[in-house]
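Good morning, and thank you for joining. I would like to go through one structure with you, beginning with its strands and then turning to selected side chains. Please have the sequence and the coordinates open.

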Amino acid sequence: MLDWLLGPPLRPGTPAPDFTLSDQDGKSVTLSKLRGSNVVLVFYPADETPTCRQQLCEFRDSWETVKSKNTKVFGVNPNSAESHAQFRSKRSFPFPLLVDKGQQVAKQYHTDGLMVRRTVYLIDPGGVIRYAQRGKPLPQEVLKAAV
């Protein structure tokens, strides 16, 4: 009954599914074009909700560590570009928020459902998942998997 909530994310060691999404400014982001950097994908349910705000602000507040680990961060959910732009501007996020209309990428990453299942992935510079965790892991925990 709760499989949609409790099902596992993609396993570390598996290739990350490639995708192209637009960010809050309409700029296309393609995962495979980010090879050579670690990539953190933060799948979160909605803009400007308490837990989502806290989670993304933790990555913002850890930005020096993120940069020192050769890592790019992206928030991902199906909210509109306008909603993402307002959220990003209001909270001064130094990273883009990607528009996953219809949860197409969420499906690839096993985070789709009635609402996006809060999940964080770290993908290594070669495109392999090195970290996958449901919930709100701290950025320091996620970044331990960075190579």
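Let me begin with a definition: two strands pair if DSSP finds at least two bridges between them. With that in hand, please keep in mind that this is a predicted model.

The first topic is strand β6, which covers residues 119-123. On one side it is joined to strand β7, residues 129-134, by 5 bridges, and the two run antiparallel. Within this pairing, T119 stands opposite R134 in β7. The two strands form a hairpin with 5 residues between them. In that turn, G127 has a positive phi of about 90°.

Strand β6 also has a second partner, strand β3, residues 38-43. Here again 5 bridges join the strands, and the arrangement is antiparallel. In this pairing V40 stands opposite L122.

How many of the residues of β6 are buried? The count is 5 of 5, so that the strand is mostly covered, given that buried means under 20% relative accessible area. In a regular strand, side chains alternate between the two faces of the sheet. In β6, T119, Y121 and I123 point to one side, V120 and L122 to the other, and both faces are covered.

I now turn to the aromatic residues. The structure holds 8 aromatic pairs. One of them is formed by F43 and Y109, with 5.5 Å centre to centre and 35° between the planes, a tilted arrangement. F43 belongs to strand β3, whereas Y109 sits in the loop between α5 and β6, so this pair ties together parts that are 66 residues apart in sequence. Both partners are buried.

F43 forms another aromatic pair, with Y121. This one is edge-to-face, at 6.1 Å centre to centre and 85° between the planes. Because F43 lies in β3 and Y121 in β6, the pair ties together parts 78 residues apart in sequence. The relative accessible area is 0% for F43 and likewise 0% for Y121. Elsewhere, ring pairs link Y44, W63, F87, F93 and F95 into a cluster.

Next, two polar residues. Q55 is located in helix α2, residues 50-61. Its relative accessible area is 1%, and it therefore counts as buried. Beyond its sequence neighbours up to four places away, Q55 touches V42, Y44, R118, V120, G135, K136 and P137.

D47 lies in the loop between β3 and α2. What is the nearest side chain of opposite charge to D47? It is R118, 9.8 Å away, and D47, although buried, has no salt bridge. The side chain of D47 does make a polar contact with the side chain of S83, at 2.7 Å. Setting aside residues within four places in sequence, D47 is in contact with N77, N79, S83, H84 and F87.

Finally, consider G13, in the loop between α1 and β1. Is this glycine buried or partly exposed? At 47% relative accessibility, G13 counts as partly exposed. Leaving aside neighbours within four places in sequence, G13 is in contact with V128, I129 and R130. The C-alpha atoms of G13 and A132 are 10.0 Å apart, although the two residues are separated by 119 residues along the chain.

To close, I return to the central strand of this talk: β6 is joined by bridges to β3 and to β7. Thank you for your attention.

Notes:
Residues numbered from 1 in each chain as written. Predicted model: local features only at pLDDT ≥ 70, side-chain atom pairs only at ≥ 80, totals over all residues. Heavy atoms only, no water. Buried < 20%, exposed > 50% of the residue type's maximum accessible area, 1.4 Å probe, protein only. Helix = DSSP H or I, 4+ residues; strand = E, 2+ residues; numbered from the N terminus. Contact = heavy atoms within 4.5 Å. Lys, Arg positive; Asp, Glu negative; His and termini not counted. Salt bridge = Lys/Arg side-chain N within 4 Å of Asp/Glu carboxyl O. Polar contact = N/O pair within 3.5 Å; in protein donor to acceptor, adjacent residues only side chain to side chain. Phe/Tyr/Trp six-rings, centres within 6.5 Å; stacked < 30°, edge-to-face > 60°.
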